[in-house]
Amino acid sequence: MQEQGFDLTASHEQADVIFINTCAIRDKAEQTIRKRLAQFNQVKNNKPGLIIGVLGCMAERLKTQLLEEEKIVDLVAGPDAYRDLPQLVQEVDEGHRAVNTFLSREETYADISPVRVHTNGVTAFISIMRGCDNMCSFCVVPFTRGRERSRDPHSIVKEAHVLFQQGYREVTLLGQNVDSYQWSPNTTLKGKAAIEKSGTTDIVNFAQLLSQVAQVHPDLRVRFSTSHPKDITDEVLYTMKAYDNICKYIHLPAQSGNTRILQHMNRTYDRNWYLQKILAIRHILGEGCGISSDMIAGFCSETEEEHQDTLSLMDVVQYDFAYMFYYSERPGTLAARRYEDDVPLAVKKRRLAEIIAKQRVHSLVQNKKNIGQQFQVLIEGPSKRSDEYLQGRNSANKVVIFPKKHYQKGQYVNVRITDCTAATLLGRVISCV
Ligand code: SAH
Ligand code: SF4
């Protein structure tokens, strides 16, 4: 877009083109986007030439609906169509229908370094793969993001290098299922077929990619998300252990603690398998490794006892943190087609409240264990509540708040923890690193 002469503006009232990047994971996300679109259409009433474009997963899911039936956008671009944006804008200008929801098997945007806006200049995300080949029955991602493809490791390492040179000190490698990252020169083949064609030496798996990024610089922290319980390997855990700058934190979504529900969700692991993975993490990386989860309350046919299994799994694991949702049926998914969304909303909400309440207790217990301990913290900027305080995170991904003094963002400091809430650790700096 910049090559075509476009530039960013801070206010949407000034814009000639507004792109709204969208999520389709739950109905609530889509409702939020609809409210934003209504606001932008108000602006458009006084500015008829304004182009409103919808990008990403909701665009992909609804295809032409927002443009042709609802007439609330001028342009529709799915997750694999961003290279086409200047062309699509031109098509709108010429009075044509501007829609591209083609899903690619190859597009990884490997050669495009994102322009980072609203950045703290310290931490950045790097996309390492796109799409998802799993078919969790509740999930819309395989339909909106398409097939899984891994990005060329050279371009990932290069992006990490450039970020480090620009002053960034932490990168998070992003993918829906990072453990199935696999790049081979023959990108169309996966697994065994790729090994036969390319030879094992040319293939890069996730553990190897992690190690390559960790070697960019010892002062560049590396995180990643999301790990899938069925795919995470001991090789990844040992790679984490081998590098001080790979953060000791794993987001390992369980979704449910009940084996029948997990089967119904098509997660392809059971409660015991999940707990074995937790044991492997504790065994290889120790108690200090942060672990978090995603949980879905009230999935189709979930009984009260099965919900109790989720609560008891939480008791066993003692997560540091969790993202928690009640089940939201997504059109087109396996669950929407095959299963009845039969847990009443009030029950879903009550079960979710119980899950959230339990997590709050666990977060507080886990944080209290840290009082008196000392952590290396990368400073990300002022704390949310006060400019007199700074905030950063420790390796286990816990937010740490401490008096500002002369310290600055981007610095590493050693902080001794003196107090905590369920959400944050509070402390004071002992020394610079
Ligand atoms: N790839 C990641 C998840 C990405 S979606 C993984 O497999 O763990 C992020 C989270 O949204 C999921 O982990 C799940 O907990 C939640 N989610 C996805 N679809 C949902 C739905 N239909 N209703 C409620 N929560 C959902
Ligand atoms: Fe969705 Fe499952 Fe893929 Fe995660 S692994 S994105 S939940 S289909």
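In β19, L425 is the residue that V400 stands opposite. We will come back to that pair in a moment; a few ground rules come before the exercises.

This is a predicted model, in which local features need pLDDT of at least 70 and side-chain atom pairs count only at pLDDT 80 or more, while totals for chains, interfaces and linings use all residues. Residues are numbered from 1 along each chain as its sequence is written, chains are lettered from A and ligands numbered from 1 in the order in which they are written, and side-chain values use heavy atoms, leaving out hydrogens and water.

**Exercise 1. Trace the barrel.**
Find the order of the strands in the closed barrel, and work out how its neighbours pair.

*Step 1.* Start with the vocabulary: helices (H or I, at least four residues) and strands (E, at least two) are DSSP runs, numbered from the N terminus. Two strands pair if DSSP finds at least two bridges between them.

*Step 2.* Now follow the ring. Five strands close the barrel in the order β15-β16-β17-β19-β18, and the pairing is mixed. From one strand to the next, the twist averages 55° (angles run from 0 to 180 degrees between N-to-C directions, with axes fitted as lines to C-alpha atoms, for helices over the stretch in contact).

*Step 3.* Take the pairs in turn. Strand β15 (residues 374-382) runs antiparallel to β16 (residues 389-393), and four bridges join them. P382 has L390 of β16 as its bridge partner.

*Step 4.* β17 and β19 (residues 424-432) run parallel, joined by three bridges. Here you meet the opening pair again, V400 opposite L425.

*Step 5.* β18 (residues 412-420) is antiparallel to β19, with seven bridges between them. V415 stands opposite V429 in β19, and the two strands form a hairpin with three residues between them. As background, strands of a sheet pair through backbone hydrogen bonds, either parallel or antiparallel.

**Exercise 2. Look around helix α8.**
Which residues of α8 are buried, and what covers them?

*Step 1.* Set the scale: buried means under 20% relative accessible area, exposed over 50%, and partly exposed in between (1.4 Å probe, protein chains only).

*Step 2.* Count along the helix. In α8 (residues 206-214), seven of the nine residues are buried, so the helix is mostly covered. The buried ones are F206, A207, L209, L210, S211, V213 and A214.

*Step 3.* Look for the cover, taking contact as heavy atoms within 4.5 Å. The covering elements include α6 (153-165), β8 (170-174), β10 (204-205), β11 and α9.

**Exercise 3. Describe two helix packings.**
How do α8 and α11 each lie against α9?

*Step 1.* The axes of α8 and α9 are 8 Å apart, at an angle of about 15°. The two helices are therefore roughly parallel (angles under 35 degrees count as roughly parallel, over 145 as roughly antiparallel, 65 to 115 as roughly perpendicular and the rest as oblique).

*Step 2.* α8 passes α9 in a right-handed crossing (the near helix is turned clockwise from the far one by less than a right angle; anticlockwise would be left-handed).

*Step 3.* F206, A207, Q208, L210 and S211 of α8 meet E235, V236, T239 and M240 of α9. By class, this contact has five nonpolar, three polar and one charged residue (Ala, Val, Leu, Ile, Met, Phe, Trp, Tyr, Cys and Pro count as nonpolar, Asp, Glu, Lys and Arg as charged, and the others, Gly among them, as polar).

*Step 4.* Turn to α11 (residues 271-285), whose axis is 10 Å from that of α9, at an angle of about 30°. That makes α9 roughly parallel to α11. The crossing of α9 past α11 is right-handed.

*Step 5.* From α9 come D234, L237, Y238, M240 and K241, which meet A280, I281, I284 and L285 in α11. Seven residues of this contact are nonpolar, none are polar and two are charged.

**Exercise 4. Check some loop residues.**
Is each of H118, N397 and Y109 buried, partly exposed or exposed?

*Step 1.* H118 lies in the loop between β4 (98-100) and β5 (123-127). Its phi is positive, about 50°, although H118 is not a glycine. With 83% relative accessibility, H118 counts as exposed.

*Step 2.* N397, in the loop between β16 and β17 (399-403), also has a positive phi, near 75°. N397 is partly exposed at 22%.

*Step 3.* Y109 is in the loop between β4 and β5, and is buried at 11%. Leaving aside residues up to four places away in sequence, Y109 touches P79, D80, A81, Y82, R83 and R130.

*Step 4.* Finish with the backbone: the peptide bond from S225 to T226 is cis, with omega near 10°. T226 sits in the loop between β11 (221-225) and α9 (234-242).
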